[in-house]
Each structure stands twice: as structure tokens, then as C-alpha cells.
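Subject: Structure handover

Hello,

Please find the structure below. My notes on it follow.

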Amino acid sequence: MEEKIVVIDNGGQYCHLIATKVRTKHNVYSEILPPNCSVDDVQGAKGIILSGSPFSIYNENKPDFNEKLFSLGIPVLGICYGNYLVASTLGGKVVASEKKEYGLAKLLKKKDSVLLEGCGKEEIVWMSHGDKIVAIPKTFEILGSTENCEFAAIADEKKKIFGVQFHPEVVDTKKGDIILGNFVHKICGCVGEWKISDYIAQKQIELKNEIGKKKVLLLVSGGVDSTVCASLLSKVLAREQLFCLHIDNGLMRKNESAEVKEMLKEIKNFKVVDASKMFLDRLKEKYEPEEKRKIIGQTFIDVANKEIENLGLDDWLLAQGTIYPDTIESGGTKHADVIKTHHNRVDIIKKMIEDKKIVEPVKDLYKEEVRDLGTALGLFENFVWRHPFPGPGLGVRALCSVGKKEEFSVLKEKLNSLGLKYDFDVLPCRSVGVKGDERSYEHPAIISGVWDWKELEKASTRVVNEVRGINRAIYLLPGQSINSMEPIKAYLTKERLDLLREADAIVMGEIEKAGLMRKIWQFPTVLVPVNVNGKGEALILRPVFSTIAMTAKFADLPLEVVESIKKKLLAIKGVGAVFYDITHKPPGTIEWE
Ligand code: XMP
């Protein structure tokens, strides 16, 4: 039987990341199960990992946990809340702590153990917890402590039950991969022979069972997620069962729909529908980001339904290339806040999911894994490494506004009182961000002065952390000055979208030329309805480094590349200024809406 590690999902933000790491870094298949799963569900597992949780162990409505999981003789590793479960279930005590511990901490090794093999006497670990273990179960020992957390790593090594307060699954825990690897290989005894091709084989069986004889209409955007789905589904379904539909929503990049048409021409039942007029009509005079997103999501389904009707499909399913972050950021897991409604998580889709009308072959995967899957399925390397592009496309990159003027003197005063060696202003528009796991919709601060990425990063961090009402910092690229900034009435019109398409094509061309495509996770260009110096609208460059899109760092690109992009963009008629977004995520999101 195949080696398997079970990850118990207590609702923590990083639960899926643990499963991904076990699969991709340690080559062992891993499966996510709810905390009240039965003993039969975990039969055959080589190890069990208990994830973190937004709940306190003493909350009445905390997830219902099956305590029998500790008595099966299967090794267990509790992480964060999982550590509290280990301690409190097996006879220790957990209380609310006065001192919360967020961010980096120093773990001091207290005892040699298999779990911490390969770690030094002191290691940097990442913590995010509010409660505290005050007594560990009798048979347990302390393996490591931090300043605020005596029981940062504990174990009953005989029974192979371990707990860590820190998060080994996040990159900030320097030796996190080694620690998880020790658990998976040395403690659970996994050999680690799982490959992504095994995933393909298993997914094919699951998809066959799920779909049966039904017909499937797959929405293909031309991005890696939906194309990987097309490839997977075409291996499972009979040719007459699969229909692929590309909807040109008028919000695509320059020439993109034509390229998709060319790329997928081999697929038998493939059709491109030009629905751009319908999308733009429905979006007319809309400016609120969530409303725009919902209209776009709904219109996708309306067009798809029409096509299902045209094709005369009776017993059908709609397939889409949803990946895991789409679900969690749309508040689609039990405890998450709605940061943005992703186009594939609007109400009508949620209802269709309930009615079992939707199939999502890669919904548990992160982008990295979808790329691995694409490579294993034989898709072209250049294609697999395309940057992610949001479903609502340029619809969330061309910001809209009714052009209302606002007063910023208080905000400007607060910015100037930080005592930083930069000049500050406020951009008269708002953008979406994520602060403390919640959505924000606030103004960006404009920073101008010396072009030094390190100093700008420090300034950006202070601005977004210390000035309420500001959730982003943007840098006015040198060689420009601002004499006036007027918010203007602007909506999703073809003219504005064409301008943005042109700008985006220039940006993409320049980074391709500079060989930076693979280094950068994504590079949105954003059009902002603010007229600068009476010359035209503002453009924002938003290149980011990321691995799973849940967090991101603004990308400090070589100055000469940025300079060249800026010059070319300023030459476009209707562009008034070019700014550079220097905000990490959180508190900024990658996209502005
Ligand atoms: P944010 O802006 O939330 O984006 O930091 C995280 C990642 O998700 C992409 N994104 C979307 N993808 N449908 C998608 O398929 C959507 O509605 C959507 N909104 C954002 C975004 O481009 C980034 O890669």
C-alpha cells in the first residue's frame, strides 16, 4: 500500500501548505482530513500531523477532535494548535497566555531528539499563537524552548507523539523542511517514493468516479491551471464527453484570446465565444471592486450556461481550474474572511458546488504543484511558467471611480510626522489589501525621493504599519514630478482597457527581454483613475516575488529595467505618471482590487 501522511485540518491558514510540503519536499502522499475523522479514515497512514487553528483550545465551539487518533500507534506531530491538542488531550494543561508570540523567535534545543536532528543549538522559528501550555503530559519531555514558550517542542519519543508550537511548514522557520523531513522519514519511516505522476494516476481514478458518464464543459482561460485541467480531463474522458470553452470577456491581455485559440486548436470540442460586449455592458458605470468581481463571475456562468443550452447537453458538469488560494481568499473554507471574491467563487458557483454541478480537478493544489503537474503532463516549459492571471483579468487592474474629491490633509500630516527622509502625498483612490487576515480598502501613500530599494522598503513598512487609513505605499519613479492630481470619473470602457493592454504588453515584453519572467511570480500593471498634471491617468507597476500567492514581497527589479519600462509607458498617450508599488502582501494584496 502507498505510504501516506494524514494532515488533520483544524482550520489553520497553513494546513494545505503542510500537505503540499509533505508531497513536494518529502515525496510522500498526503491527504487532508477533518478533525472528527474516524479511525478507519486514517487506516494505513504512516503518520498524522495536526494543523494549527484560529480557535483556542478552550473555545466551546472549537473543532470536534477524535482523541482516538492518539491511541493507534501511528506517530503524531501536533503543530501550534495541534501542540495544544497533544498536551491537553494526553494529560497536560493549556491556558490563555498574557504574552502573545507572533513572528520570529529563537528556539533553544533542550534535548537531542530525532525530530530536531540537523538543527543547531539555536534555530530561528516562526510563531503565531496566543495560548500557552503550562504543564505537559507525564510521559513527555521538553525538546526545545523559546523565550516566551517553554514547551516550544515536546515529545513522548517512545509513543512517537510530538508537538511543536512553531510552524515548520513556513519558510521563515529556517530548518522547517528538515524538521518535517525528520518526522516523515525518520519517525514515520516513510521512504518517500511518491511522484507527481502518482497524483495524476490517482486523480484520474477520482475524476472518473466523480464524472461517470456525464458531459463536462471546461472553461479555459489560456492560463496554466485550466490548461492542466484540460489535459487531465482529456486523459479521463471519452472525446465526446469533454467540451472546452474560452470566453473572451473583453478583459484579456493584448492578443490573448487569439493566442489561446491557436494553442488549444488540437482539442476536438473547443470553442471561443466573444462575449466582450455582454461583459462590458454589464460593467457599465460600475466602480466598486466586489461588485465588478461578482458581475464578472456571474457573466462567465451565464455565457457558459447559454453554451450548454446550445450544445444540448442534458446531464452535465461545469469544470474550472480553481486552485487552493482562490478558495481560501474568497472565504471558502470554514473560518476564513472574504478578502476578494474570486471569479470562480461567486454565489451561483457556490450553489452549483452544493448541487454537485462543478468539478475542480486541481482545487487542492498550489500554483507550484499545478506547474509540476503541467510539466509531468508534457506541457511546454514556457507555458507552464506563465505568470498567473486573475479570472476577472484586466477588470480588476483598471480601477474605476465616480471621480469624487477627498480631503487628505490629516493623512498627509501623519505621513510627514513619521520623520522619514522622503516626501509624501496620498493617491486619491483606494485599493484592496489584507490586514490581520481581514480585508482593507484604503488609500495608497505616495513616496518620492532617493531610489534605494532597501530604504524604500523600510519606509513602506513604517507607512503601512503606522498610518491608519493607508494600506499601500507606491514610489514615484524618478524624473517625474506631481503638480496636480485629480480623481476622474472612469469605468471599464474599451478605450481604457486598450490603454492598459498596451501598457501591460510593454511591461511583459521588457521583463521577457531582461530574462526576469521566471524570477518574478507576477507583474500586474494597474490603471488608476487619477489625472496627473492634466496629462493622463496614472499607471502602477506591481511586480512581486512569491511562491504560493498567500504572501508576497514587492520585487526590487534592476533600476535599468524599470527605467526602460517607465520611459516606454510615459510615451503612451493618456498616461500621466508611472509609480512602483513597494508594498508586501500582507498588508497589500498582489492585485489592487
Ligand atoms: P491577491 O490580489 O489576492 O491575489 O493577492 C492572489 C493571487 O490570486 C490571483 N487572483 C485571482 N485568480 N480569480 C483567479 O483565478 C480571481 O478572481 C483572482 N483574483 C486574484 C492574483 O492574480 C494572484 O495571483
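A residue is called buried here when its relative accessible area is under 20%. The model is a predicted one. C37 has a relative accessibility of 3%, so C37 counts as buried.

Cysteines: there are zero disulfides in the structure. For C37, the nearest cysteine sulfur belongs to C15 and is 12 Å away. For C188, the nearest one is that of C190, at 5.4 Å. A disulfide would need the two sulfur atoms within 2.5 Å, and neither C37 nor C188 is in one. C188 is also buried, because its relative accessible area is 8%.

Helix α6: this helix covers residues 256-263, and its buried residues are E256, S257 and V260. Why do they lie on the same side of α6? They cover an arc of only 95° around the axis, and therefore share one side of the helix. In general, an α-helix has 3.6 residues a turn, so residues three or four places apart point the same way. The buried residues of α6 pack against two strands, β11 (242-248) and β12 (270-274).

V216: this residue is in strand β10, which runs over residues 215-219. With a relative accessible area of 0%, V216 is buried. Beyond its neighbours within four places in sequence, V216 is in contact with I211, L233, L237, Q241, L242, F243, L317, A319 and V359. The C-alpha atom of V216 is 9.2 Å from that of I358, although 142 residues separate the two along the chain.

Regards

Notes: Residues numbered from 1 in each chain as written. Predicted model: local features only at pLDDT ≥ 70, side-chain atom pairs only at ≥ 80, totals over all residues. Heavy atoms only, no water. Buried < 20%, exposed > 50% of the residue type's maximum accessible area, 1.4 Å probe, protein only. Helix = DSSP H or I, 4+ residues; strand = E, 2+ residues; numbered from the N terminus. Arc of directions from axis to C-beta. Contact = heavy atoms within 4.5 Å.
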